[in-house]
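Please open the model in your viewer and keep the selection panel handy. We will go from one stop to the next, and at each one there is something to select and something to look for.

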Amino acid sequence: MAINTDKNVYTVVFASVMVIVVGSILAFLATGLSGRINENMRFEKQQNILYAMGINDNVDEGSVNFVPTDIVEDKFSQYITEQIIIKGDQIVDNDEAYLIDMKKQLALAKKGETPELPLFIGEKDGKKFYVIPMYGKGLWDDIWGYIALDDKMIVQGVFFDHKGETPGLGANINQRYFMDDFTGESIMAGTRYAGINVAKGNNDPLNNDKEDNEVDALAGATITGNGVSAMIKETLNLYKDYLKTIRTN
Amino acid sequence: MGLLSKKDANLIKDPLADNNPITIQVLGICSALAITAELKASVVMAIAVMFVLGLGNVVISAMRNIIPSKIRIIVQLIVVATLVIVVDQVLKAFAYPLSKTLSVFVGLIITNCIIMGRFEAFALGNGLWRSFLDGIGNSLGYGIILVIVGFFRELLGSGTLFGYPVFGDPIEKTGLYSFGYENNGFMIIPPAALIVVGIIIWVQRSRNPALVEEN
């Protein structure tokens with residue numbers, strides 16, 4: 001039977017059926033898989049926070065290996081001793097603080113409202129770590145990460161990730177040779193919470209100078225690098241009132 | 001090839017050489033520029049496109065007699081987008097780390113003109129099996145150029161292949177770098193991909209002058 005596919009009625013019916021079929025497939029899939037996907041995302045957050053604290057399965061100098069997903073929850077409750085939410089002057093404990101969406105909180109802060117800022121206090125080998133989540137914009141899309149500080153405001157480790165930076169260029173912010181450079185840098189310039197700049201041509205490619213508030217930039221990724229600098233600065237700006245209360249030097 | 005008739009085999013072979021989607025038809029250039037700074041991304045992209053194009057061609061071919069011609073482009077677009085999202089969601093649920101690697105490419109796959117081009121030029125007028133072969137052939141042709149470009153850009157731009165150092169350590173000055181060799185930063189930026197693709201086109205056309213268009 002030949003169908004006249006040029007008729008308007010047919011076109012409309014076809015389009016409607018197609019929309020319903022495709023819509024149902026996608027909706028079915030999204031609801032069916034959302035449990036697993038959410039769980040994966042939750043594990044990922046825990047892995048990232050632990051990574052910034054230096055708890056990972058890295059074996060050599062080039063790899064980024066997280067704590068495996070099957071034990072990450074145990075490790076997370078073992079090392080993260082306290083999760084707090086900073087809301088203005090109030091500080092409350094909350095065991096699900098790590099699920100807070102930083103993007104929404106930053107949007108609130110920009111509107112002039114008081115954001116709920118999560119902060120994770122971890123302990124490893126008798127040392128205290130303050131892990132702060134960050135969120136910002138790269139070249140194409142969102143970038144985010146975690147920065148672990150000690151009470152002297154020295155960076156103990158960072159983790160960065162991105163949604164869609166250019167592979168081989170900006171996407172390399174989640175590579176070891178970029179992230180490892182931050183470790184040991186001070187975020188303070190005197191008494192100012194200066195953050196850390198991703199700097200081009202700072203004549204310090206090996207990053208020997210830990211007091212200059214600078215790390216060496218990635219070639220070909222200027223805008224992503226600037227995004228990282230801005231993200232750190234913006235985050236510290238929000239958290240500095242709290243950081244003042246824990247700073248010991 | 002015993003499995004395929006000569007005509008079918010050509011569906012795979014032609015796009016690899018004399019009818020290559022990138023160097024001859026000049027399609028899919030945008031993604032060839034965007035993601036070939038490293039070899040790994042090139043390979044991942046090639047596999048992803050092979051999956052979407054192979055399957056998409058089959059779906060379009062199966063529907064070819066019922067698709068209203070007035071809205072066929074929209075229908076094609078929906079098929080690609082749906083396939084890509086289905087793959088993305090399934091990976092997110094069952095292979096999360098892999099899905100993170102792929103997420104960058106999702107948008108690039110949907111807008112890849114090779115896919116729409118093959119749907120329109122081939123799958124709409126051919127049977128399931130031939131459409132499938134055409135999809136595989138064209139994605140291989142696309143992938144091989146991606147891998148060649150990625151190979152040279154990563155090797156000359158970063159001195160590595162699949163992330164492993166080939167020439168030594170540029171910061172510690174070991175291996176080739178101890179003789180004063182430097183990585184060429186230009187290879188990392190997208191214009192370098194155009195130049196590499198240009199050289200491939202040049203080599204290919206001087207070997208086979210029949211490919212040169214008359215002006």
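Start by selecting R176(A) and showing whatever surrounds it in this predicted model. Leaving out neighbours within four places in sequence, R176(A) is in contact with Y51(A), N58(A), D60(A), E61(A), G62(A), S63(A) and V64(A). The arginine itself belongs to helix 4 of chain A, which covers residues 176–179. Is R176(A) buried or exposed? Its relative accessible area is 11%, and the cut-off for buried is under 20%, so R176(A) counts as buried.

Next, select T222(A). This residue lies in helix 5 of chain A, residues 222–246. The UniProt record, an unreviewed entry, places the feature "modified residue: FMN phosphoryl threonine" at T222(A). Which side chain joins T222(A) in a polar contact of 3.3 Å? Show K200(A) as sticks: the polar contact runs between the side chains of K200(A) and T222(A). T222(A) has 33% relative accessibility, so it counts as partly exposed.

Staying in chain A, select residues 12–33. The unreviewed UniProt entry marks this span as "transmembrane region". Colour it by secondary structure and you will find 100% helix and 0% strand. If you draw a distance between its end C-alpha atoms, expect 31 Å.

Now zoom out to the whole of chain A. Its secondary structure comes to five helices and 10 strands, and its C-alpha atoms fill a box of roughly 85 × 45 × 45 Å along the principal axes. Chain A has 249 residues, of which 47% count as buried. Among contacts in chain A with a separation of 6 or more, 57% are between residues 24 or more positions apart.

Bring chain B into view and select where the two chains touch. How many residues does each chain bring to the contact? Chain B gives 33 residues and chain A gives 34. About 2600 Å² is buried between chain B and chain A, with carbon and sulfur atoms giving 71% of that area. The count of salt bridges between the two chains is zero, while eight residue pairs are in polar contact, both residues at pLDDT 80 or more. On the chain B side, the elements giving two or more residues are helix 4 (72–94) and helix 5 (96–110). Helix 4 of chain B gives the most, with 11 residues. Colour the chain B side by class and you should see 24 nonpolar, five polar and four charged residues.

Move on to helix 6 of chain B, residues 113–121. Its buried residues are I114(B), I115(B), M116(B), R118(B) and F119(B). Show helix 3 (39–62), helix 4, helix 5 and helix 7 (128–158) of chain B as well, since those buried residues pack against them. Then look at the N-terminal end of helix 6, which N112(B) caps. A side-chain oxygen of N112(B) lies 2.9 Å from the backbone nitrogen of I114(B).

For the last stop, select V196(B) in helix 8 of chain B, residues 190–207. This valine is buried, with a relative accessible area of 9%. Beyond residues up to four places away in sequence, V196(B) touches V149(B) and M187(B). Finally, add R153(B) to the selection: V196(B) and R153(B) are 43 residues apart in sequence and 8.3 Å apart in space, C-alpha to C-alpha.

Conventions:
Residues are numbered from 1 along each chain as its sequence is written. Chains are lettered from A and ligands numbered from 1 in the order in which they are written. This is a predicted model: local features need pLDDT of at least 70, side-chain atom pairs count only at pLDDT 80 or more; totals for chains, interfaces and linings use all residues. Side-chain values use heavy atoms; hydrogens and water are left out. Contact means heavy atoms within 4.5 Å. Buried area is the accessible area (1.4 Å probe) that two parts lose on being put together, summed over both. A salt bridge is a side-chain nitrogen of Lys or Arg within 4 Å of a carboxyl oxygen of Asp or Glu. A polar contact is a pair of N or O atoms within 3.5 Å; within protein, one must be able to donate a hydrogen and the other to accept it, and residues adjacent in sequence count only if both atoms are side-chain atoms. Helices (H or I, at least four residues) and strands (E, at least two) are DSSP runs, numbered from the N terminus. Ala, Val, Leu, Ile, Met, Phe, Trp, Tyr, Cys and Pro count as nonpolar, Asp, Glu, Lys and Arg as charged, and the others, Gly among them, as polar. UniProt positions are given in the numbering used here, feature names are shortened, and annotations may be inferred rather than shown by experiment. Buried means under 20% relative accessible area, exposed over 50%, partly exposed in between (1.4 Å probe, protein chains only).
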